[in-house]
Structures are given as C-alpha cells and as structure tokens.
Amino acid sequence: ADVSRSVVLTAGHCLYDNATQAFVTNFLFYPDYDSNPNQDCALTTYGCWTATALIGHYGFTSQTGFTNQATNYDWGFAVMGLGGKNSTQLDATVGAFPLAVPGFTAAGDQAYAFGYPAASPYAGADLTYCSGAIAQDSGNGNSTWGLTTCTMTGGASGGPWMSGFSTDRGSLSSVNSYKYTAAANGMYGPKFNANTTNTFNAALTASANTRV
C-alpha cells in the first residue's frame with residue numbers, strides 16, 4: 001500500500017463540472033469539520049488535506065449536464081496526500097470506513113446518510129444525518145436509490161450513505177446525489193456496482209486526474 005495515500009469518497013459532481021468538462025481545482029477535505037467549523041485549516045481540529053488526484057467514471061464525465069445517466073454514475077474518489085497539521089496520512093489520523101459494493105441490495109434495506117447541508121434551514125457547519133429504508137427512484141427508472149425521509153438540503157452532496165451502520169462502524173454504499181425541487185423530504189443516490197469498484201481501484205494508483 002502507498003503510505004502517503006488516502007482515498008475520500010464523494011459525489012461525481014463534487015469533483016467534475018459537466019458543463020465545462022473539467023475536474024475541479026483546490027479540492028480540500030476537512031475531517032471532523034463540525035467540531036470547530038472554520039475556513040482556516042489551522043483552526044480546524046485536525047487541519048485539512050489536499051487532493052493530489054481526482055477520479056471520476058466516464059459514465060459521469062461524458063455527460064455535458066446533470067442527466068439521468070449522470071445520476072447513475074454520480075460517485076468519485078479524491079486521492080489525498082500527506083496533510084493535516086503534522087503532515088500525516090488522513091486515514092491513519094482519523095480512521096476510515098470500507099467501501100461496500102453493493103452495500104444495498106434491495107428496497108427496504110436500512111441506510112444512514114450523512115452530510116453538511118448548507119441551504120436553509122441549515123448553515124453548512126453541522127454534520128447531519130438521515131436514516132430509513134431505501135426505495136428505488138421510480139422517477140429515474142428505478143436506476144437509483146432514494147430515501148424519502150431526508151430533509152438535508154443543498155451542500156450535503158457527496159456525503160456517504162452507509163450500510164451496516166452502528167455508532168462506530170459501517171460501510172460506504174452510496175452518496176447524496178440529488179433531490180427533486182418539489183420533494184423536500186427526498187434524497188437520492190447512485191447504486192454502487194462494478195463501475196464504482198473500478199473507479200475506486202483506479203484511485204489506489206492514480207497520480208493525476210483520471211476518467212475511468
């Protein structure tokens with residue numbers, strides 16, 4: 001294993017701009033942000049880590065807008081080099097969760113979704129969660145998962161959906177991807193599959209932004 005490498009899961013649209021067909025720049029990760037929310041890395045609890053490579057799937061990056069296809073591939077991985085306040089590896093500093101593909105196999109499976117919603121009534125400074133039984137999104141051809149009991153707002157994108165969750169464990173099995181304007185209580189995310197695994201595997205060795 002590369003001791004200088006950690007991998008962060010997020011949404012594809014947090015890494016890649018479909019409209020400009022470009023990966024984002026200046027990608028930072030702040031672990032435990034809500035313990036001392038601050039835009040100054042030195043004032044956060046652990047400091048922040050910078051991405052050295054961003055990895056997206058062609059199923060997402062090939063789209064010029066946030067299409068139905070894009071929602072099916074709306075995951076991505078950010079490779080983190082050494083960072084924080086003491087130039088340490090991210091997961092060695094704060095721990096990590098495993099990827100589970102597919103962590104959810106059927107409607108009714110229990111999911112816990114986490115994020116930092118920033119649009120009203122939230123302010124982007126608090127880690128928030130939703131939990132419930134997942135269902136397929138009939139509005140998207142049953143191709144993605146939905147939680148109908150989730151009021152998180154914009155800004156929560158990329159936060160993990162965890163399967164097998166309890167207080168200190170769980171597996172990463174989807175992400176907050178999209179909502180419908182007319183449905184404040186819904187949150188939707190992609191179904192993780194072999195394409196997700198391939199994207200993650202590319203992140204284990206990539207040295208530059210990569211489309212898989």
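## The cysteines

Let's start with the cysteine that is most simply described: Cys 150 is buried, with a relative accessible area of 0%. Please keep in mind as you read that this is a predicted model. A disulfide links Cys 150 to Cys 130, with an S to S distance of 2.1 Å. Cys 130 belongs to strand β8, while Cys 150 sits in the loop between β10 (144-147) and β11, so this bond ties together parts that are 20 residues apart in sequence. Cys 130 is buried as well, at 6% relative accessible area. The torsion about the S-S bond of this pair is about 60 degrees, so the disulfide is right-handed.

The structure holds two disulfides, and the other one joins Cys 41 to Cys 48, with 1.8 Å from S to S. Here the S-S torsion is about 90 degrees, so this disulfide is right-handed too. Its two ends fall into separate exposure classes: Cys 41 is partly exposed, with a relative accessible area of 24%, whereas Cys 48 is buried, at 11%. Counting bonded cysteines along the chain, the pattern is 1-2, 3-4.

What about Cys 14? The closest cysteine sulfur to that of Cys 14 is in Cys 150, and at 15 Å it is too far for a bond. Cys 14 is partly exposed, with a relative accessible area of 25%.

## Aromatic contacts

Strand β8 turns up again when we look at the rings. There are 14 aromatic pairs in the structure. In one of them, Tyr 112 and Tyr 129 have ring centres 6.2 Å apart and planes at 25 degrees; planes under 30 degrees apart count as stacked, so this pair is stacked. Tyr 112 lies in strand β7 and Tyr 129 in strand β8 (residues 128-133), so the contact ties together parts that are 17 residues apart in sequence.

How exposed are these two tyrosines? Tyr 112 is partly exposed, with a relative accessible area of 23%, while Tyr 129 counts as exposed at 51%. Both tyrosines belong to one aromatic cluster, together with Phe 114 and Phe 165.

Another ring has a charge for company. The charged end of Lys 191 sits over the ring of Trp 145, at 4.7 Å from the ring centre.

## The largest pocket

Now for the open space in the model. The largest pocket encloses about 1,600 Å³. Its lining is made up of 46 residues, and those closest to the pocket centre are Val 8, Leu 9, Phe 29, Tyr 30 and Pro 160.

Which elements supply at least two residues each of this lining? They are β1 (6-10), β4 (28-29), α3 (90-94), β7 (110-115) and β11 (160-166). Strand β1 gives the most, with five residues. Strand β7, which supplies at least two lining residues, is also the strand that holds Tyr 112 of the stacked pair.

As for chemical character, the lining divides into 29 nonpolar, twelve polar and five charged residues.

## Pulling it together

Strand β8 is a handy place to start if you are browsing the model. It carries Tyr 129, whose stacked partner Tyr 112 lies in β7, and also Cys 130, whose disulfide partner Cys 150 lies in the loop between β10 and β11. Of these β8 residues, Tyr 129 is exposed at 51%, whereas Cys 130 is buried at 6%.

Note on methods: Residues numbered from 1 in each chain as written. Predicted model: local features only at pLDDT ≥ 70, side-chain atom pairs only at ≥ 80, totals over all residues. Heavy atoms only, no water. 1 Å grid on protein atoms, 1.4 Å probe; cavity = no way out; pocket = protein on both sides within 12 Å on 5 of 7 lines; lining within 4 Å. Points joined across faces, edges and corners; volume = space filled by probe spheres on them. Helix = DSSP H or I, 4+ residues; strand = E, 2+ residues; numbered from the N terminus. Nonpolar A, V, L, I, M, F, W, Y, C, P; charged D, E, K, R; others polar. Phe/Tyr/Trp six-rings, centres within 6.5 Å; stacked < 30°, edge-to-face > 60°. Buried < 20%, exposed > 50% of the residue type's maximum accessible area, 1.4 Å probe, protein only. Lys NZ or Arg CZ within 6 Å of the ring centre and 35° of its normal. Disulfide = S-S within 2.5 Å.
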